[in-house]
Amino acid sequence: YDGILQLLHSLELAKVKLGLVTSKSRYTTQMAFDLCGIESYFDATICADESPRNKPSPDPIMLCLKQLGVPPAEAAYVGDAPADMQAAHAAGVHAVGVTWGVFSAEILAAEKPDTVVHTVSALAEFLGV
């Protein structure tokens with residue numbers, strides 16, 4: 001997505017700890033990392049085959065937070081799917097819904113995210129970078 005690389009770079013410069021929790025396998029995630037060159041931005045990555053249960057369970061988010069050394073109250077989870085919002089709520093982190101993914105804003109709104117953003121620049125503003 002346009003602007004994501006700049007956002008990742010800005011978060012890195014701000015020394016924000018970043019984790020990735022994905023429903024993709026480690027193999028598929030590594031292929032994407034190799035293709036996009038963004039792996040270095042993430043301090044922790046939890047893939048579907050590395051957690052006892054997957055989203056909407058909070059397990060993968062909690063595992064990621066443990067690796068990051070960050071308590072849930074100090075974390076936000078950014079996602080574009082209903083399962084992302086459900087997992088974020090269950091984990092006790094701030095649920096940020098982004099509307100540029102597969103699901104419509106209405107479908108995301110039904111999951112009651114704490115924050116909804118419609119652009120990468122709005123996400124950067126919310127994150128303070």
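**Exercise 1. Describe the largest cavity and its lining.**

The largest cavity holds about 30 Å³ of space. A cavity here is a set of points on a 1 Å grid over the protein atoms alone where a 1.4 Å probe fits but cannot get out, and lining residues have an atom within 4 Å of a point. Grid points are joined across faces, edges and corners, and a volume is the space filled by probe spheres set on the points. Before going on, note that this is a predicted model, in which local features need pLDDT of at least 70, side-chain atom pairs count only at pLDDT 80 or more, and totals for chains, interfaces and linings use all residues. Residues are numbered from 1 along each chain as its sequence is written, and side-chain values use heavy atoms, with hydrogens and water left out.

Step 1: the count is 1 cavity of 30 Å³ or more.
Step 2: its lining consists of Val21, Thr22, Ser23, Ala48, Asn54, Lys55 and Pro60.
Step 3: by class, that lining has 3 nonpolar, 3 polar and 1 charged residues. Ala, Val, Leu, Ile, Met, Phe, Trp, Tyr, Cys and Pro count as nonpolar, Asp, Glu, Lys and Arg as charged, and the others, Gly among them, as polar.

**Exercise 2. Now do the same for the largest pocket.**

Step 1: a pocket is an open set with protein on both sides within 12 Å along at least five of seven lines. The largest pocket has a volume of about 1,600 Å³.
Step 2: 44 residues line the largest pocket, and the closest to its centre are Gly19, Leu20, Val21, Phe42 and Val78.
Step 3: elements that each supply at least two lining residues include α1 (4–13), β1 (19–21) and α6 (120–127). Helices (H or I, at least four residues) and strands (E, at least two) are DSSP runs, numbered from the N terminus.
Step 4: the lining divides into 31 nonpolar, 7 polar and 6 charged residues.

**Exercise 3. Work out which side of α1 and of α6 is buried.**

Step 1: buried means under 20% relative accessible area, exposed over 50%, and partly exposed in between (1.4 Å probe, protein chains only).
Step 2: Leu7, Leu8, Ser10 and Leu11 are buried in α1. They lie on the same side of α1, because their arc around the axis is only 160°; the arc is that of the directions from the helix axis to the C-beta atoms. Leu5 and Leu13, on the other side of α1, are exposed.
Step 3: α6 buries Val120, Leu123 and Ala124. Their arc is only 100°, so they too share the same side of the helix. Ser121 and Glu125 are exposed on the other side of α6.
Step 4: the cover over the buried residues of α1 includes α6, while that of α6 includes α1, β3, β4 (94–98) and β5 (115–117).
Step 5: Leu127 is in α6 and touches Leu7 and Leu11, not counting residues up to four places away in sequence. Contact means heavy atoms within 4.5 Å.

**Exercise 4. Explain why Cys36 forms no disulfide, and look at Cys47 as well.**

Step 1: a disulfide is a pair of cysteine sulfur atoms within 2.5 Å, and the whole structure has 0 disulfides.
Step 2: the closest cysteine sulfur to that of Cys36 belongs to Cys47 and is 14 Å away, so it is too far for a bond.
Step 3: Cys47 is in no disulfide either, with the nearest cysteine sulfur, that of Cys64, 10 Å away.
Step 4: Cys36 is partly exposed at 48% relative accessible area, whereas Cys47 is buried at 1%.
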